[in-house]
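Please open the structure in a viewer and keep the sequence at hand. The tour below proceeds by selection, one stop after another.

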Amino acid sequence: MAEQKLISTLKICIVLGISLILVGHYLLVSDLLVEKNSIHGIMFGATFIAIGILFSLPTKIYLTIVLMNMEAKHNKRAQSPL
């Protein structure tokens, strides 16, 4: 049960990270902040993208490792003789 809770938490972090990346991209492309704040608007959008990458990339790597370990345990149980 603890692994399932961990996996769901990691998936939520990945979705949060990707949504932050998309919001940052939208802010940079839409010129909402760039026209008013010039360089500060660009920095604001880039900050969203950077935080999104910090959420999604390490979480994706860790989730992949956890899922590979679960699969290896499952394969060992399936191959072991009764």
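Begin by selecting His 40, which counts as exposed because its relative accessibility is 54%, and exposed requires a value over 50%. The model in the viewer is a predicted one. His 40 is found in helix H3, a helix that spans residues 39-79.

Next, keep His 40 selected and add Ile 65. These two residues are 25 residues apart in sequence, and their C-alpha atoms are 38 Å apart in space. Ile 65 also belongs to helix H3. Is Ile 65 buried, partly exposed or exposed? Its relative accessibility is 43%, so Ile 65 counts as partly exposed.

From Ile 65, extend the selection to Ile 53, Leu 57 and Ile 61. Together with Ile 65, these residues form a nonpolar patch on the surface. The accessible area of the four residues taken together is about 360 Å².

Now select Gly 41, whose place is in helix H3. With a relative accessible area of 1%, Gly 41 is buried, since buried means under 20%. Add Leu 27 to the selection: Gly 41 and Leu 27 are 14 residues apart in sequence, while the distance between their C-alpha atoms is 8.0 Å.

The following stop is Ala 46, another residue placed in helix H3. Ala 46 counts as partly exposed because its relative accessibility is 37%, a value that lies between the limits of 20% and 50%. To compare positions along the chain, add Ser 8. Ala 46 and Ser 8 are 38 residues apart along the chain, and 27 Å separates their C-alpha atoms.

Finally, display two whole helices: H1, residues 2-30, and H3, residues 39-79. Two packed helices are described by the angle between their axes and the distance between the axes. How do the axes of H1 and H3 cross? They come within 7 Å of each other and cross at roughly 155 degrees. H1 is therefore roughly antiparallel to H3, as angles over 145 degrees count as roughly antiparallel. The crossing in which H1 passes H3 is left-handed.

Terms used
Residues numbered from 1 in each chain as written. Predicted model: local features only at pLDDT ≥ 70, side-chain atom pairs only at ≥ 80, totals over all residues. Heavy atoms only, no water. Patch = residues over 30% accessible without salt bridge, like charges linked within 9 Å, V, L, I, M, F, W, Y side chains within 5 Å. Areas by Shrake-Rupley, 256 points an atom, 1.4 Å probe, with all protein chains shown as cover. Salt bridge = Lys/Arg side-chain N within 4 Å of Asp/Glu carboxyl O. Helix = DSSP H or I, 4+ residues; strand = E, 2+ residues; numbered from the N terminus. Buried < 20%, exposed > 50% of the residue type's maximum accessible area, 1.4 Å probe, protein only. Axes fitted to C-alpha atoms, helices over the stretch in contact; angles between N-to-C directions. Parallel < 35°, antiparallel > 145°, perpendicular 65-115°, else oblique. Left-handed = near helix turned anticlockwise from the far one by under 90°.
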